[in-house]
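Q: I am new to this one and would like to know how each label is earned. Could you show me the structure and then take me through the reasoning?

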Protein chains: 2
Amino acid sequence: MVVDRLIDETVDGLFRSLADPTRRDILRRCGRGQLSVSQLAVCYPMSFAAVQKHVAVLEKAELVTKERKGREQLVRGKVETIRTAGRLLEELEVVWRGRIDRIEQILGDEKRGSRK
Amino acid sequence: MVVDRLIDETVDGLFRSLADPTRRDILRRCGRGQLSVSQLAVCYPMSFAAVQKHVAVLEKAELVTKERKGREQLVRGKVETIRTAGRLLEELEVVWRGRIDRIEQILGDEKRGSRK
DNA sequence: CTTATCTACAACCAGATGGTTGTAGATAGG
DNA sequence: CCTATCTACAACCATCTGGTTGTAGATAAG
């Protein structure tokens, strides 16, 4: 199993974070980590506090990190977490493709060793 | 752009569907499409109606399809939609990696024509 | 036909979510 | 020092979400 031992809550938070257009847009903007929270905030038709909350959600899901720079807080995207999400999806495909085969193989292995 | 013209609502529904452990488990189980809604329902500590709602959410997000078989409704995973989700994540990575380069390139192309 | 099973859907409820405003602490600049 | 800016966080509110129960339609089985 490629992505093991990620508890449900973590995965929930990861995908839930991605399920909001404002947060996806924040992610697109902050790949290089040059934008402060207030710079991000002016991009959206909502209050600073609302954007701050979105950033907090992303941070909790580890999709971004924040780095203090004077009185600003620079937001940077965390590529590893995006990859984790991608791997979770791939794993699903693998389960779909291999479920039955794998069960048969395991049952076979018990008496025959590897097949083919 | 690999994944174009997917409106926000669609993407929201896609990731939101994935942000629930019951629904992720349903997806894992129904890759081959052999399971009816009621067969799925007995796997979880909740009512039939609750599982039915989860399946409805997955169906609306096009992560599964349903196929009538007599009085049952067989649920089958839709691999293309999983791939769509994966591509959305990859696209994010691409934006992070190439944002600045691409802006420079577009500005350059305006006077130079296509490169390479 | 009658009954049991599978599905669909409405109504309802508690808790989470996404927004608001307001207050307050830190830091930069005049 | 004083002020403006950036951030943090609490309180509040409307809506969405994930669960429940109950009712009803269709199909399979006796």
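**Where the chains meet**

A: Happily! In this predicted model, the rule finds ten residue pairs in polar contact across the interface of chain A and chain B, with both residues at pLDDT 80 or more. On the chain A side, the elements that give two or more residues to the surface touching chain B are α1 (8-18), α2 (21-29) and α5 (79-112). The largest share, 14 residues, comes from α5(A). By class, that side of chain A has 16 nonpolar, four polar and 13 charged residues.

Q: What makes the pair B:Arg24 and A:Asp12 a salt bridge?

A: The cut-off is a side-chain nitrogen of Lys or Arg within 4 Å of a carboxyl oxygen of Asp or Glu. For B:Arg24 and A:Asp12, the closest N and O atoms are 2.7 Å apart, so the pair meets that definition. Across the interface of chain A and chain B, the rule finds six salt bridges.

Q: How many residues of chain A are in contact with chain B, and what area is buried between them?

A: 33 residues of chain A are in contact with 34 residues of chain B. The buried area is about 3000 Å², and carbon and sulfur atoms give 62% of it. A:Arg32, A:Leu89 and A:Trp96 supply 24% of the area that chain A buries against chain B, more than any other three residues.

Q: Why is an area used to describe an interface?

A: The size of an interface is often given as the accessible area lost when the parts come together.

**How the copies are related**

Q: What rotation superposes chain A on chain B, and what is that relation called?

A: A rotation of 180 degrees, with 0.0 Å of shift along its axis, superposes chain A on chain B with an RMSD of 0.0 Å. That is the relation of a two-fold axis.

Q: How do you know that the copies meet through the same surface?

A: Of the interface residues of chain A, 100% are also interface residues in chain B, so the copies meet through the same surface.

**At the DNA**

Q: What makes A:Ser47 a polar contact of DNA strand C?

A: A polar contact needs a pair of N or O atoms within 3.5 Å. A polar side-chain atom of A:Ser47 lies 2.6 Å from a phosphate oxygen of DNA strand C, so the pair passes the cut-off. B:Ser38 uses a polar backbone atom, 2.6 Å from a phosphate oxygen of DNA strand C. The side chain of B:Lys66 has a polar atom 3.3 Å from a phosphate oxygen of DNA strand C.

Q: Which residues are closest to DNA strand C, and which part of the strand do the atoms within 4 Å of the protein belong to?

A: 24 residues surround DNA strand C, and the closest are A:Ser47, A:Lys53, A:His54, B:Ser38 and B:Gln73. Of the strand's atoms within 4 Å of the protein, 62% belong to sugar or phosphate and the rest to bases. The residues of this surface divide into six nonpolar, seven polar and eleven charged.

Q: Which residues are closest to DNA strand D?

A: 24 residues surround DNA strand D, the closest being A:Ser38, A:Gln73, B:Ser47, B:Lys53 and B:His54. Sugar and phosphate account for 60% of the atoms of DNA strand D that come within 4 Å of the protein.

Q: What makes B:Arg71 a polar contact of DNA strand D?

A: A polar side-chain atom of B:Arg71 lies 3.4 Å from a sugar or linking oxygen of DNA strand D. The cut-off is 3.5 Å, so this pair counts.

Methods: Residues are numbered from 1 along each chain as its sequence is written. Chains are lettered from A and ligands numbered from 1 in the order in which they are written. This is a predicted model: local features need pLDDT of at least 70, side-chain atom pairs count only at pLDDT 80 or more; totals for chains, interfaces and linings use all residues. Side-chain values use heavy atoms; hydrogens and water are left out. A residue is near a molecule or strand if one of its heavy atoms lies within 4 Å of it. A polar contact is a pair of N or O atoms within 3.5 Å; within protein, one must be able to donate a hydrogen and the other to accept it, and residues adjacent in sequence count only if both atoms are side-chain atoms. Ala, Val, Leu, Ile, Met, Phe, Trp, Tyr, Cys and Pro count as nonpolar, Asp, Glu, Lys and Arg as charged, and the others, Gly among them, as polar. Copies are superposed by least squares on the C-alpha atoms of residues with pLDDT of at least 70 in both. Contact means heavy atoms within 4.5 Å. Buried area is the accessible area (1.4 Å probe) that two parts lose on being put together, summed over both. Helices (H or I, at least four residues) and strands (E, at least two) are DSSP runs, numbered from the N terminus.
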